[in-house]
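Hi,

Here is the structure I said I'd pass along. Have a look at it first, and my notes on what turned up are underneath.

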Amino acid sequence: MTPREIVLSCLQKYADRGIFTGFGARVDRDGGLVCRFLWHAPEQHRLRFKRKTGLLVFVDLLPGIPYPSAMDRAVREFVAGRRSPALPAHRRMDTAKMKARCRNRNGKMSIEVRCMDGDWEYTATRAVKLVNEIFLDFLAGPYDAYMIEHFGAREE
């Protein structure tokens, strides 16, 4: 299987299990993938697999984060912290297999993940877990106001 097919298969498994709803994917003109699905937000998430650069990109995942800002730094620190040996293996990114970074353009933060060793199944699965941890572990609690404003979270 090609890397694109592996990535699509991994994402389709999440859709089949009902984790992603409204899942759709198409091949772009460069031979990569553009995927859209509902997950943690009322608007669709966009995930691009860039075949030429070998990147998985959650495009504009976190809107409304000015650069530079304390929240921008905190998101970057959280993502970098996912490499920590102090984390259990199932929650830690293996940097021999993948690398993740944040990119902020016009106040919209994207998460970019690069496969380092050709194990696209690990990379795609771990990228989804990383984004899940951002929403459930990082944003939940300290960033409730952000979640209400940008994702329509309920006020409690």
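Let's start with Phe20: its relative accessible area is just 2%, so Phe20 falls under the 20% cut-off and is buried. Phe23 comes out at 19% relative accessibility, so Phe23 counts as buried too. Keep in mind that this is a predicted model.

How do the rings of Phe20 and Phe23 sit relative to each other? Their centres are 6.4 Å apart and the planes make an angle of 20°, so the pair is stacked. Stacked here needs planes under 30 degrees apart, with centres within 6.5 Å for the rings to pair at all. Phe20 and Phe23 also belong to a bigger group: ring pairs join them with Tyr14, Phe37 and Trp39 into a cluster.

Another pair to look at is Phe78 with Phe138. Here the ring centres are 5.3 Å apart and the planes are at 45°, so this pair is tilted. Which parts of the chain does the pair link? Phe78 sits in helix H2 (residues 70–81) and Phe138 in helix H3 (residues 120–139), so to speak distant parts of the chain, 60 residues apart. Both Phe78 and Phe138 are buried. The full count is 11 aromatic pairs.Now for the overall fold. The protein chain has four helices and six strands, and along the sequence they run in the pattern α-β-β-β-β-α-β-β-α-α. How does the radius of gyration compare with what the globule rule gives for 156 residues? The radius of gyration is 15 Å, close to the 15 Å from the rule, so the chain is as compact as a globular protein of that length. If you want a feel for the dimensions, the C-alpha atoms fill a box of roughly 45 × 35 × 30 Å along the principal axes.

On contacts, I looked at those with a separation of 6 or more: 50% of them are between residues 24 or more positions apart.

Then there's burial and surface. Buried residues make up 44% of the 156 in the protein chain. The chain exposes about 8500 Å², and carbon and sulfur atoms supply 49% of that.

Last, the charges. The protein chain has 27 positive and 19 negative charges, and the mean positions of the two sets are 6 Å apart.

Cheers

Terms used:
Residues numbered from 1 in each chain as written. Predicted model: local features only at pLDDT ≥ 70, side-chain atom pairs only at ≥ 80, totals over all residues. Heavy atoms only, no water. Helix = DSSP H or I, 4+ residues; strand = E, 2+ residues; numbered from the N terminus. Rg over C-alpha atoms; globule rule 2.2 N^0.38 Å. Buried < 20%, exposed > 50% of the residue type's maximum accessible area, 1.4 Å probe, protein only. Contact = heavy atoms within 4.5 Å. Areas by Shrake-Rupley, 256 points an atom, 1.4 Å probe, with all protein chains shown as cover. Lys, Arg positive; Asp, Glu negative; His and termini not counted. Charge placed at Lys NZ, Arg CZ, Asp CG, Glu CD. Phe/Tyr/Trp six-rings, centres within 6.5 Å; stacked < 30°, edge-to-face > 60°.
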